[in-house]
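Open the model in your viewer and keep the selection panel at hand. The stops below run from internal space to charged pairs and then to one helix.

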Amino acid sequence: MFDIRKYTSHNIKNDILSGLVVAVALVPEAIAFSFIAEVSPIVGLYTAFILGLITAVIGGKPGMISGATGSVAVVIIGLVLEANSMLKGLGVSGDELYMQMLNYVLLATILAGLIQVLVGVFKLGKFIRLVPQPALYGFVNGLAIVIAMAQFKFFDGQGTAMYAIVFTTMLIMYILPKYTKAIPSGLIAIVALTLVVYFAQIDTLTVGNLANLSEFQGQLPHLIIPDTLFSLDAIIMVLPYAIIMALVGLIESLLTLAVLDEMSGERGSGNQECIALGTGNMACGFFGGMAGCAMIGQSIINYTSGGLGRLSSFTAAVGLLVLVISLTDVLNVIPVGVLVGIMFMVSIGTFEWSSFSHFKHMPKEDLLVMVAVTVITVVEDLAVAVIAGVIISALVFAWKHARIWAKTTFEEDGTKVYSLEGPLFFGSATTFSDNFTIDQDPPKVVIDFKNARVLDFSGVEAIDSIVKKYEDAGKNLLLRHLSADCKKILKKAGPHCTYEEDDPTYKVAINY
């Protein structure tokens, strides 16, 4: 929540000015993502306001911006297509078709929010730690490329004026901060170039060309109870989409939080962000918005413009609503080229350029993860990329540790001792027996597991197998330093286990 004691006049000024920059930049993004999801622009704008406001007040990271996003919108479009197909089959058409379809979108948004709240309540947000650093680099780099590529569509059919405005915006944002940071360079670019375009009557794409916002003037969000809210059939239909929307939103929000943690040097609360995101999405579903999540591009605009406190994201949300309901004429004349230029600079700032310097020193497997996540983020989507990155990293980890070594010593009575080191699990179980020379071993053999761990049932079976081979060779075998849990599971090897005072107490993973 807001802590006024931590605010100085400098903090307040930076947060408010930065929030205003984000508010303006949110408009074309919200409209564009509404078009992707095939809903009215006002739905995306309501999402940016409602979700942005709630996460600003109770979110896990001050200054983080949430709203309608492309990653969630591409999931919604699948639901929209299925709902439209079903409703058309029932003879619904025209405005009634859109309104009934919207009820399904609102229901999915509410369910997605509920799932996200439960994830936060049960403190499952910590599992974002499973995403390795190379995958995080890949996520950031891939998203930077996606942000830049998303701007290309605005150049279709545009003349040199569009390119000149974009270039001038980028120049202002690059040069101005070297001389003063009193006012965010993005805000100066928006005001200055809007005035130039308006008074010089330059023919270029404006926000009003994307969607005439004047028709939404004075429209405040109002309570909507979806007709599908208590329909079991509707819930069953939208539930798969709601789960995917919830997971995509959580992944993008928690990864954005991790990126901002690195930028600010202060750790946010992942579980609190899950609860805030879910609460915001549920509110969106009841007030005419669609599901959304954290926006890394807008969040970085906010941070680099000096907005580090909750007041900045609060200002962005409230400022957006004020612009939409009362200053639509001003919004309509803002050239899209300015906003494109800002997003290009965000893309450049987002890209983890330092990752190139890691190429020489980074292990090949980590490099593979980073490149794979980057490419999949661009080609597919964020959720698939992150899951793929975690799976690849897990497989790489298993491969790197898929060896168990043995040091051999002899006791005074001639007993040969194999002292094992490393994990014994499905990855190393196949090479476990390679450590033993059964035919050449003396009549008495000891296998010591003091510096090894049996991790799963494949490891247990490998122990049983080696015991059988020694039995068949007619040799006496003892097993030392196995956990009690492991000894219980062993069948063939159980009678060969010794019980030591310093036996370990680890558990063996087994599917009961």
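How many cavities of 30 Å³ or more does a search of the whole structure find? The search finds two. Note that this is a predicted model.

**Whole chain**

Show the chain as a cartoon. It contains 20 helices and six strands. Along its principal axes, the C-alpha trace spans about 100 × 60 × 50 Å. Colour by accessibility: of the 512 residues in the chain, 54% are buried. Among contacts with a separation of 6 or more, 81% are between residues 24 or more positions apart.

**The largest cavity**

Select Pro28, Glu29, Ala32, Gln151, Phe154, Val336, Leu339, Val340 and Met343, which line the largest cavity. The space inside this cavity is about 50 Å³. Helices α1 (9–37) and α14 (336–350) each contribute at least two residues to its lining. The biggest share comes from α14, with four residues.

**Salt bridges**

There are five salt bridges in the structure; three of them are visited here, starting with Lys61 and Asp261.

Select Lys61 and Asp261, whose side chains form a salt bridge with an N to O distance of 2.9 Å. Lys61 sits in the loop between α2 (41–58) and β1 (66–67), while Asp261 belongs to helix α9 (residues 232–264); the pair links distant parts of the chain, 200 residues apart. Are these two residues buried or exposed? Both Lys61 and Asp261 are buried.

Next, select Lys407 and Glu421. Their side chains meet in a salt bridge at 3.4 Å, N to O. Lys407 is in strand β3 (residues 405–410) and Glu421 in strand β4 (residues 416–424), so this salt bridge ties together parts that are 14 residues apart in sequence. Lys407 has a relative accessible area of 53% and is therefore exposed, the cut-off being over 50%. Glu421, at 30% relative accessibility, counts as partly exposed.

Then select Lys468 and Asp472, a salt bridge in which the closest N and O atoms are 3.1 Å apart. Both residues lie in helix α19 (residues 457–472), four residues apart, or about one turn of the helix. In general, an α-helix has 3.6 residues a turn, so residues three or four places apart point the same way. Lys468 is partly exposed at 41% relative accessibility, and Asp472 is exposed at 58%.

**Helix α19**

Stay on this helix and select its full length. Does the distance between its ends agree or disagree with the expected span? At 1.5 Å a residue, the 16 residues of α19 should span 22 Å, and the end C-alpha atoms are 23 Å apart, which agrees.

Now pick out the buried residues of α19: Gly459, Val460, Ala462, Ile463, Asp464, Ile466, Val467 and Tyr470. What do they pack against? Their partners are β4, α18 (429–432), β5 (444–454), β6 (476–480) and α20 (484–489). Strand β4 has already appeared on this tour as the strand that holds Glu421.

Finish at the two ends. At the start of α19, the backbone nitrogen of Ser458 has a side-chain oxygen of Asp456 within 3.2 Å. After the helix comes Gly474, which has a positive phi, near 75 degrees.

Key: Residues numbered from 1 in each chain as written. Predicted model: local features only at pLDDT ≥ 70, side-chain atom pairs only at ≥ 80, totals over all residues. Heavy atoms only, no water. Salt bridge = Lys/Arg side-chain N within 4 Å of Asp/Glu carboxyl O. Buried < 20%, exposed > 50% of the residue type's maximum accessible area, 1.4 Å probe, protein only. Expected span 1.5 Å × (residues − 1). Contact = heavy atoms within 4.5 Å. Polar contact = N/O pair within 3.5 Å; in protein donor to acceptor, adjacent residues only side chain to side chain. 1 Å grid on protein atoms, 1.4 Å probe; cavity = no way out; pocket = protein on both sides within 12 Å on 5 of 7 lines; lining within 4 Å. Points joined across faces, edges and corners; volume = space filled by probe spheres on them.
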